[in-house]
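Please look through the sequence and the structure below before reading on. The paragraphs that follow lead from single residues to helices and then to the interior.

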Amino acid sequence: MTELEDGSVEVIASGRYIRVNQNDDNVTFSCDEEEYETFFKSYFDIDSNTDYDKIISSIDKDDLYLTNAAKYGDGIRILNQDLWEMIISFIISQRNNIKRIRGCIKRLCEKFGEKHIITFNNGEIVTYYDFPTVEALANASIEDIKALGVGYRDVYIKRAAESVLRGDINLEAIKCMSYEEAKEEILKLYGAGNKVADCICLFALHLTDAFPMDTHIISIVNNEYNGNFPFEKYRGYAGILQQYMFFYDLKL
């Protein structure tokens, strides 16, 4: 996602391009109704059974930190993103910052993704690139991947693509698995640790029991919960609360 000068945000997802603009409570999507109903409504988790208001209301009233975090992050949705894209994106994210991650993914798409050109009604022309396919990255050379500035993660990207292409990892099968099963399968990928696997489970598979533990969240859990977040109390949606915590931590 990239914020544009006019305040709108451009999103490239599964080969599609859209601009989203919000004025107060009104959100405008730059696509036709069919594309919104068949893809973006689900992508932005607008039509799911996830009751975010109910989840927020379940927070322990004595937990002032989480109550404030949820209030600050009210409106956040867990997107339904592409599994393959999330695998590579979170492999790249390891020991990396957001600016560098964005740059790596942009260069990866421009080098190995399919190019598209669209024209808006006002005559504006936009060029964008799909996320690279499994085949494109499996067949790429290590040298070409490394040249994009991904550092030591070049081998991780290459080997992950090769594993999926060979069928060692079945992406369609993972989509039907429970959180525990999916995480175990993702951990078989070279370069994928617990945090990466949990991010993939949460942001690609919408398995909201996943609770990614990066440096931000580890610090919060240690400082606010003495190292013991009450997972049992929030079974089934702890990952959504994690996003409120992460977003709130960036504000503080």
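Does Arg-95 count as buried or exposed? The model is a predicted one, and in it Arg-95 has a relative accessibility of 79%, so that this residue counts as exposed. Arg-95 is placed in the loop between α4 and α5, and although it is not a glycine, its phi is positive, at about 50°. Most residues other than glycine have a negative phi. Asp-24 likewise is a residue other than glycine with a positive phi, in this case near 55°; it is found in the loop between β3 and β4, and with a relative accessible area of 70% Asp-24 is exposed.

From the loop that holds Arg-95 one can step back into helix α4, which spans residues 83–92. Of its 10 residues, 10 are buried, and α4 is therefore largely enclosed by the rest of the structure. The buried residues include Leu-83, Trp-84, Met-86, Phe-90 and Ile-92, but also Glu-85 and Ser-89. What they pack against is a set of helices, namely α5 (98–112), α6 (134–138), α8, α9 (171–174) and α11 (194–203).

The largest nonpolar core has 69 residues, and those that touch the most other members are Trp-84, Ile-88 and Phe-229. The element that gives the most to this core is α4, with 8 residues. Taking Trp-84 and leaving aside its neighbours within four places in sequence, one finds it in contact with Phe-131, Pro-132, Thr-133, Val-134 and Leu-137, and further with Ala-160, Ala-161, Val-164 and Leu-171. Apart from the largest core lies another, of 10 residues, which has Val-11, Tyr-36, Phe-39 and Phe-40 among its members.

Three of the residues just named for this other core, Tyr-36, Phe-39 and Phe-40, return in helix α1 (residues 33–43), where the buried residues are Tyr-36, Phe-39, Phe-40 and Tyr-43. Seen down the axis of α1, these buried residues fall within an arc of 130°, so they line one face of the helix. An α-helix has 3.6 residues a turn, so residues three or four places apart point the same way. The face of α1 turned away from the buried side carries the exposed residues Glu-33, Glu-34 and Thr-38, while the cover over the buried residues includes the strands β2 (9–13), β3 (16–23) and β4 (26–29).

Helix α8 (residues 153–166), one of the elements that the buried residues of α4 pack against, is also where Lys-158 is found. How does a lysine in this helix come to be classed as buried? The relative accessibility of Lys-158 is 13%, and because buried means under 20% relative accessible area, Lys-158 counts as buried. Its contacts, without the neighbours within four places in sequence, are with Leu-137, Ala-138, Asn-139, Ala-140, Ile-142 and Ile-145. Glu-180, in helix α10 (residues 179–186), has a relative accessibility of 52% and so counts as exposed. Glu-180 and Cys-201 are 21 residues apart in sequence, and their C-alpha atoms are 9.4 Å apart in space.

The next step is to a pair of packed helices. Two packed helices are described by the angle between their axes and the distance between the axes. For helix α12 (residues 215–225) and helix α13 (residues 238–251) the angle is about 95° and the axes are 10 Å apart, and α12 and α13 are therefore roughly perpendicular to each other. On the side of α12 the contact is made by His-216, Ile-217, Ile-220 and Tyr-225, and on the side of α13 by Gln-242, Met-245, Phe-246, Asp-249 and Leu-250. These contact residues divide into 6 nonpolar, 2 polar and 1 charged.

In the loop between α12 and α13 one finds Tyr-234, which is buried, with a relative accessible area of 0%. Tyr-234 touches Ser-58, Ile-59, Asp-60, Leu-66, Phe-229 and Leu-241, not counting residues up to four places away in sequence; of these, Phe-229 is one of the residues that touch the most other members of the largest nonpolar core. Tyr-234 and Ile-55 are 179 residues apart in sequence but 8.6 Å apart in space, C-alpha to C-alpha. Gly-75, in the loop between α3 (64–72) and α4, has a relative accessibility of 48% and so counts as partly exposed, and between Gly-75 and Ala-160, which are 85 residues apart in sequence, the C-alpha to C-alpha distance is 34 Å.

Note on methods: Residues numbered from 1 in each chain as written. Predicted model: local features only at pLDDT ≥ 70, side-chain atom pairs only at ≥ 80, totals over all residues. Heavy atoms only, no water. Core = buried A, V, L, I, M, F, W, Y, C linked by side-chain atoms within 4.5 Å. Buried < 20%, exposed > 50% of the residue type's maximum accessible area, 1.4 Å probe, protein only. Helix = DSSP H or I, 4+ residues; strand = E, 2+ residues; numbered from the N terminus. Contact = heavy atoms within 4.5 Å. Axes fitted to C-alpha atoms, helices over the stretch in contact; angles between N-to-C directions. Parallel < 35°, antiparallel > 145°, perpendicular 65-115°, else oblique. Nonpolar A, V, L, I, M, F, W, Y, C, P; charged D, E, K, R; others polar. Arc of directions from axis to C-beta.
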